[in-house]
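The following paragraphs offer a guided reading of a protein model, moving from the contact between two chains to individual elements and charged pairs. Please keep the sequence and the structure in view while reading.

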Amino acid sequence: MIKKQYSLTVCQGTGCISGGAEDIFSSLEDEIDRLNLGEGIRIKRTGCHGFCQRGPLVVVDPETSSGLFYSKVAPGDVSDIIQSFLPGGKPVERLFYRDPASSKPIPNYHDIPFYRKQERIVLRNCGHIDPEDIDDYLATGGYQALRKALFEMTPEQIIAEVKQSGLRGLGGAGFPAGRKWEATFRAGGNEKYVICNADEGDPGAFQDRSVLEADPHSVLEGMVIAGYAVGARRGFIYVRAEYPLAVKRLRIAITQARDKGFLGRDILGSGFGFDIEIFRGAGAFVCGESTALVLSIEGKRGMPKPLPRPRTAEVGLWGKPTLLNNVKTFANIPLIIVRGSEWFASRGTETSKGTAIFSLTGKVANCGLIEVPMGTRLREIIFDIGGGVPGGKAFKAVQTGGPSGGCIPASLLDMPVDFDSLTAAGSMMGSGGMVVMDEDTCMVDVARYFLDFTQRESCGQCIPCRVGTKQMFSVLDDITTGQGRPEDIDLLLELGESVAGTSLCALGQTAPNPVLTTIRYFRDEYEAHIHEKRCPAGVCQALVSKTPSLSKREGEGDK
Amino acid sequence: MQSVTITLDGREVSGYPGMTILELARESGINIPTLCYDPHLSSIGACRVCLVENEQSGALLASCVTPIAPGMVINTHSPRVTGHRSTIVKLMLASHPDSCLVCDKGNRCQLRQIASDMGIGLSEFQRIPQMAAIEEVNPFIERDASKCILCAKCIRACQELAVEGAIDYFRRGFTAKPATLNDLPLEDSECSFCGTCVALCPTGALMEKERAYRGTTKTATQTTCPFCGCGCSICLEVKDNHVVRVTPGKQDAVNHGTLCVRGSYGCDFIHSPDRLTKPLVKANESFEEVSWEQALELAATEFKRIKDKHGPDSLAVLGSSKCTNEENYLLQRFARCVLGTNNIDNGSSLYNAATRIGLGTSIGFPGTTNYVSALEESEVIIAIGADPPSSAPIVGYTIKRAVKYKGAKLILIDPRRTKLSSFAYLWLRPKVGTDVALLNSLAKVIIDEGLLDEEFVARETDNFEACTKTLEEYSPEYAEAITGIASKEIRAAARLYAAASQAAIVYGSGITQHTSGTDSVKALANLAILTGNIGRRGGGIYALQRENNAQGACDMGALPNFLPGYQNVSDAQARRKFEDRWGVSLPANPGLTALEIVEQARQGKIAGLYIIGENPVLSFPHSSLVTQALTSLDFMVVQDMFLTETAKLASVVLPATSFAEKEGTFTNFEGRVNQVRKAIEPLGQSLSDWEIILRLADKMGCPLPFSSLQQVMDEVEELVPLYEGYADSQRLHEDELSIREAGRSYRGQLLRGFARFSPVQYTPHVPRQIRGREGKAPFLEAKEGYPFTLLTGTILYHFGTGTRSSRAWRLKKFSPQSFVEIGEADAQKLGISHCDKVSVISPVSKLTTIAKIIDGLPEGTLFMPISFPETPVNGLFDITLDPEAKTPSLKACNVRIERVGPHGEKEDSRTS
């Protein structure tokens with residue numbers, strides 16, 4: 001028998017599940033049952049740990065136990081893991097994370113650079129609690145912020161706290177959250193709404209999904225506090241239909257929160273009533289834009305409204321004042337309420353407080369979900385947390401902010417990451433995607449790839465976005481297939497400027513960013529494609545292939 | 001209101017708060033190009049062509065959606081603006097086909113105009129064509145998405161103006177386009193082919209199909225639609241004396257940039273090969289073409305002979321609710337002064353006499369009391385006995401707009417499901433002919449629950465006590481037993497109507513063409529005055545008129561008992577005014593109504609008849625009786641565009657011009673006097689009706705003292721108080737016409753100074769009378785062997801008796817044949833399948849048509865459209881009159897239906 005109590009967490013995020021984490025969990029259960037170790041070893045499902053690259057993950061709870069971190073676990077490893085807890089058992093070394101440079105095993109969760117350099121505030125519970133069990137959330141102090149807000153604070157005080165914290169909206173634009181709250185609070189009328197934007201449509205971005213899957217109650221708690229602060233009684237979570245697990249866990253969380261009295265007509269006997277509905281999006285990227293999202297909930301086609309227009313805080317859902325914030329913004333709220341605005345504002349930079357969350361992907365050793373204080377340098381993120389570019393390749397660029405973000409070259413690696421610095425570099429915080437590219441990446445191809453996405457996702461309403469992005473895409477397509485003309489770079493710049501300058505909404509206004517930044521920082525690659533018919537990175541098939549017939553455009557003859 | 005001053009292209013200009021930069025620029029004579037803006041539509045700032053630069057902030061602003069703000073400094077044509085603007089236009093051109101040479105839109109294409117204005121030729125952009133197939137088979141609208149710039153005017157027109165919701169954005173990105181639900185062809189969608197989108201489309205993406213005549217039009221004439229009583233402003237575009245195209249007109253206070261399928265595509269009848277081009281005289285049972293001289297000589301001689309032999313009252317005249325005011329005025333003067341009889345009536349009497357009497361008695365004004373546009377301000381609208389989306393589409397659009405965009409609540413009272421049903425807040429489905437009981441019960445609830453406007457009732461009405469007394473028995477429970485509507489719904493409707501601060505009532509021939517029509521109108525008026533809804537902005541009573549000039553024909557005195565302006569013929573003082581002016585002595589006895597004329601003709605008491613633009617053989621009940629009566633006349637002159645069923649019986653047929661070939665005015669149902677302008681020269685030898693009347697009067701030796709239409713207008717203005725000032729308006733510059741609310745309209749106060757409650761009683765139509773009543777004929781006696789109630793009405797794709805619409809070949813092609821609608825349960829019982837050939841048999845007649853199974857008809861009820869000449873539905877009716885208005889029941893009769901056999905041809909997809 002085991003004397004000590006062990007607690008095992010098995011990641012059940014979408015990434016680990018796709019790696020077979022559900023099987024591993026049931027195998028662990030079976031093995032514990034078989035050996036009758038139920039008294040000594042408890043296992044629980046958690047949401048995403050963030051280190052998706054190494055999944056499926058099994059972690060021995062670092063708070064109560066050894067903190068051993070087993071990565072890339074397969075069902076065959078289960079028996080060894082359980083054996084390790086038996087008297088005389090040894091940790092399963094082969095499952096340890098190894099430093100990519102030295103190949104030295106790092107057994108403990110806290111020692112892994114990927115985690116060590118992070119500061120997990122929004123992701124505080126991710127990977128630690130069972131997202132389908134409200135008691136787990138409560139055990140971490142969950143819903144204390146709501147109690148405090150309801151019984152110790154007035155709406156004005158809450159809003160003041162949020163304002164003082166300097167929290168900026170984490171959906172991309174970085175609008176000061178407190179000002180939005182205040183505007184909604186001040187807007188007249190009895191009927192107001194709170195909307196959580198979980199329409200995370202960027203390719204490669206998954207932080208909203210991970211938060212919802214791993215810690216849904218922190219979002220719900222943030223929303224209820226927001227509802228109380230602005231005077232709303234109904235909330236909506238607009239979540240992508242492509243996120244079935246997030247939807248499932250949200251449903252469970254909402255039901256449990258209702259049962260416990262954190263949602264409903266009279267929350268905790270305070271007299272304040274608030275409830276939350278889930279609205280599933282139908283897969284349009286543009287519905288992440290606030291006015292389009294609102295129209296979508298109203299049952300209409302989601303299309304952004306032209307500026308100038310009243311703010312959603314004043315005229316939102318069904319024409320009523322509406323507070324619309326991102327998942328991560330709401331998830332920050334309970335901590336700001338409990339620990340105070342000063343605590344929050346002590347992180348980050350002068351203008352960007354708190355933390356930034358990125359989905360770190362691409363040519364980087366440690367892909368995954370990370371959270372760092374605002375102002376952390378790109379280099380730290382990519383090389384310290386991310387473990388650098390694998391395979392001894394050279395770093396070329398990092399693209400931030402989703403498909404409408406820009407590509408930042410190596411020369412700017414020491415740039416601090418915050419809303420304003422990224423914008424100044426021609427990119428943006430956006431949804432928090434961060435794609436690392438190495439020397440094997442063709443920057444023209446990258447621009448073409450991202451533009452292909454945005455041009456498809458244009459709502460079609462305005463000409464510059466619908467036709468302009470298509471036109472730009474077509475020019476890029478020509479360049480990557482060896483059809484580029486010398487004047488194409490100027491044409492792209494002219495088009496890019498017009499599309500960015502004249503489009504109706506942010507989708508079109510930012511769509512040219514990948515093109516404009518790659519021309520700005522990697523113009524030589526464009527010139528090589530056009531003048532020398534050469535793809536320096538060797539990516540563009542038509543230009544590296546010895547057989548021109550592989551290129552579909554080649555056969556069309558000279559133009 | 002304080003004005004806002006901004007600097008626009010270096011010039012200080014002022015506008016009102018809320019005005020957009022674009023509006024102010026246009027007002028200041030600065031042209032900002034735009035492709036998605038239209039004043040009738042909500043602005044969406046989508047095409048981005050109208051971008052301007054804020055010189056202070058450097059921001060580029062869509063001028064169509066940006067309101068002016070004090071101190072703004074705007075540059076509409078800075079190099080930056082024109083640079084971007086030209087990029088945007090080039091982008092559109094790059095995805096637009098190079099088919100301008102063969103595109104029918106030609107120089108009317110706004111994209112081409114803007115490109116040309118900006119000096120944009122070939123661009124350096126890649127050609128990225130939008131691929132699209134043209135799939136429609138309908139004869140009206142062709143969609144070519146390859147030319148679409150997605151300005152979304154069509155989408156907004158469909159959703160915001162016509163409120164059909166047939167099209168919306170479809171797909172995303174470059175493949176986005178306007179499309180119907182599931183991208184089906186238009187004919188399989190909610191589209192009603194109103195053509196509004198076609199008129200607004202800036203490019204060749206939406207074009208009218210199958211035009212009879214092609215070419216670049218040379219002239220465009222603003223005139224008034226000749227179909228229903230809405231009186232839409234239309235524009236006739238002409239080439240080679242051919243009307244090539246009809247578009248919404250500029251003076252569109254009524255139609256706001258919209259039209260319906262009849263207005264847009266129904267005017268094909270103008271150039272129908274059936275048009276009469278020469279006078280005809282019957283000899284040996286067939287017609288011979290003769291000269292005008294001969295025809296008029298014959299007509300004059302015969303009328304004189306009959307007058308001399310049998311006296312003036314052996315002659316009668318039937319005027320037309322389709323002819324102009326001036327023509328009807330001349331005609332009644334012809335009847336009274338030349339023939340010397342008051343035997344003059346017009347076709348609209350068949351359905352609007354009830355209104356004239358009912359509203360005349362109650363509020364002292366014989367028609368609609370408010371403007372159509374005011375309906376959009378109503379909080380509650382009662383629509384009863386009317387299917388405006390079919391019969392008066394503009395009113396239909398307005399009601400739908402009020403409901404969808406202005407939050408109005410619609411109480412629809414109709415046994416049939418119509419297009420309005422889905423817009424209704426409350427849909428009450430009374431048993432046919434029980435309206436009076438329902439309306440009385442609504443009034444009773446309002447009084448009992450103290451919801452009436454006591455101040456209005458006390459100050460502005462009389463006879464309230466008598467009315468209250470009559471209402472005593474009409475408890476909702478009592479009404480429920482009669483109407484079949486649950487008492488709680490009656491209460492709900494009454495409360496809803498009474499609680500609204502502005503509530504309107506819209507009714508049509510479903511009220512007036514019953515034998516209880518006058519009573520129903522009075523009951524409706526009672527409701528309106530009980531709640532003070534007369535003279536309020538969003539309140540009032542809207543009496544729909546079926547024809548374009550039904551109101552005007554009556555205003556002009558084409559009536560047996562009224563001189564022009566409803567001045568009673570038996571009133572000596574009124575008569576004297578006209579006698580003095582006309583220099584004749586006028587007959588003092590009221591003449592015969594339309595149906596009485598037919599009846600007297602049958603009895604041989606009327607020997608000579610002059611019919612202008614009416615087709616009683618089809619439009620009157622009991623066709624065989626009417627035919628018999630008309631055949632028995634000594635002499636009949638029919639003046640028409642076509643050889644109608646009635647004209648075939650005439651001795652002399654005079655070819656009249658269409659509305660497109662003449663000048664004058666029509667008065668629409670709301671009382672607006674609209675200009676009719678000549679767009680083409682008369683076809684063949686046809687003449688305008690007013691010219692013919694003048695020439696006939698000459699021939700009869702009593703010339704009427706007019707040498708121009710203007711003189712007629714001047715006299716109308718002088719003698720008809722309601723038309724005071726109207727002739728002046730006709731002289732105004734055409735664009736100014738729309739500014740003033742025209743001549744005769746109700747001016748918001750009670751003409752007589754007070755309104756009168758008119759107690760009315762429900763007269764049961766079931767054989768087992770609930771309560772015996774003296775003096776009134778039962779509404780509809782259910783007869784053994786005729787178990788079905790046949791309802792009749794208008795359908796959108798045809799009009800009236802079909803004289804014109806069946807010759808408008810695109811309408812005819814789309815909706816080629818008549819049908820009878822039957823509910824599924826009834827059809828099943830009788831073994832009738834969809835499209836089966838069936839006989840509809842009434843006690844007086846029988847016809848054969850096609851069965852169409854629909855849901856939305858109460859059991860035991862059938863519906864047939866009246867507009868197919870080959871199945872004269874009115875012929876099924878016996879002559880039963882409203883005792884007061886003397887108008888026939890033409891709305892509902894007893895029939896049976898029998899299956900004849902299967903139908904071979906495939907039925908047209910959409911005929912209702």
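Buried area is the accessible area (1.4 Å probe) that two parts lose on being put together, summed over both. The size of an interface is often given in this way, as the accessible area lost when the parts come together. In this predicted model, chain A and chain B bury about 2,800 Å² between them, and 58% of that area lies on carbon and sulfur atoms. Arg301(A), Ile463(A) and Arg466(A) supply 22% of the area that chain A buries against chain B, more than any other three residues. In terms of contacts (heavy atoms within 4.5 Å), 35 residues of chain A meet 33 residues of chain B.

Some conventions apply throughout. Residues are numbered from 1 along each chain as its sequence is written, while chains are lettered from A and ligands numbered from 1 in the order in which they are written. Because the model is predicted, local features need pLDDT of at least 70 and side-chain atom pairs count only at pLDDT 80 or more, whereas totals for chains, interfaces and linings use all residues; side-chain values use heavy atoms, with hydrogens and water left out.

How confident is the prediction for chain A? The pLDDT, which is the predictor's confidence in each residue from 0 to 100, averages 91 over chain A, and 96% of the residues score at least 70. Helices (H or I, at least four residues) and strands (E, at least two) are DSSP runs, numbered from the N terminus. Among these elements of chain A, strand β7 (residues 193–198) has the highest mean pLDDT, 98, and helix α22 (residues 541–544) the lowest, 86. Over residues 546–559 of chain A the pLDDT is below 50, and this stretch has eleven contacts in the model beyond near neighbours in sequence.

Chain A contains an open sheet of five strands in the order β12-β11-β15-β13-β14, with mixed pairing; two strands pair if DSSP finds at least two bridges between them. Its edge strands are β12 (368–373) and β14 (407–409) of chain A, each of which pairs on one side only. From one strand to the next, the twist averages 30 degrees. Strand β13 (residues 395–400) of chain A runs antiparallel to β14(A) and is joined to it by three bridges; here Val398(A) stands opposite Ile408(A).

Helix α9 (residues 207–214) of chain A packs on the sheet and touches β11 (355–362), β12 and β15 (433–438) of chain A. The direction of α9(A) makes about 110 degrees with that of β11(A), where axes are lines fitted to C-alpha atoms, for helices over the stretch in contact, and angles run from 0 to 180 degrees between N-to-C directions. Residues are called buried under 20% relative accessible area, exposed over 50% and partly exposed in between (1.4 Å probe, protein chains only). Eight of the eight residues of α9(A) are buried, so this helix is largely enclosed by the rest of the structure.

A second helix, α12 (residues 290–297) of chain A, is mostly covered, with seven of its eight residues buried. Among them are Leu293(A), Val294(A) and Leu295(A). The cover over the buried residues of α12(A) includes β7, β8 (234–240), β9 (275–281) and β10 (322–326) of chain A. After α12(A) comes Gly299(A), whose phi is positive, near 95 degrees.

Side chains of opposite charge can pair when their charged atoms come close. A salt bridge is a side-chain nitrogen of Lys or Arg within 4 Å of a carboxyl oxygen of Asp or Glu, and the structure holds 75 over all chains. Between chain A and chain B the count is one: Arg172(B) and Glu457(A) meet at 3.0 Å, N to O.

Within chain A, Lys163(A) forms a salt bridge with Glu182(A), the closest N and O atoms being 2.7 Å apart. Lys163(A) lies in helix α7 (residues 155–165) and Glu182(A) in helix α8 (residues 177–186) of chain A, so the pair ties together parts that are 19 residues apart in sequence. In chain B, Lys444(B) and Asp448(B) form a salt bridge at 3.0 Å, N to O. Both lie in helix α12 (residues 435–448) of chain B, four residues apart, about one turn of the helix. Lys444(B) counts as buried at 13% relative accessibility, whereas Asp448(B) is exposed at 52%.
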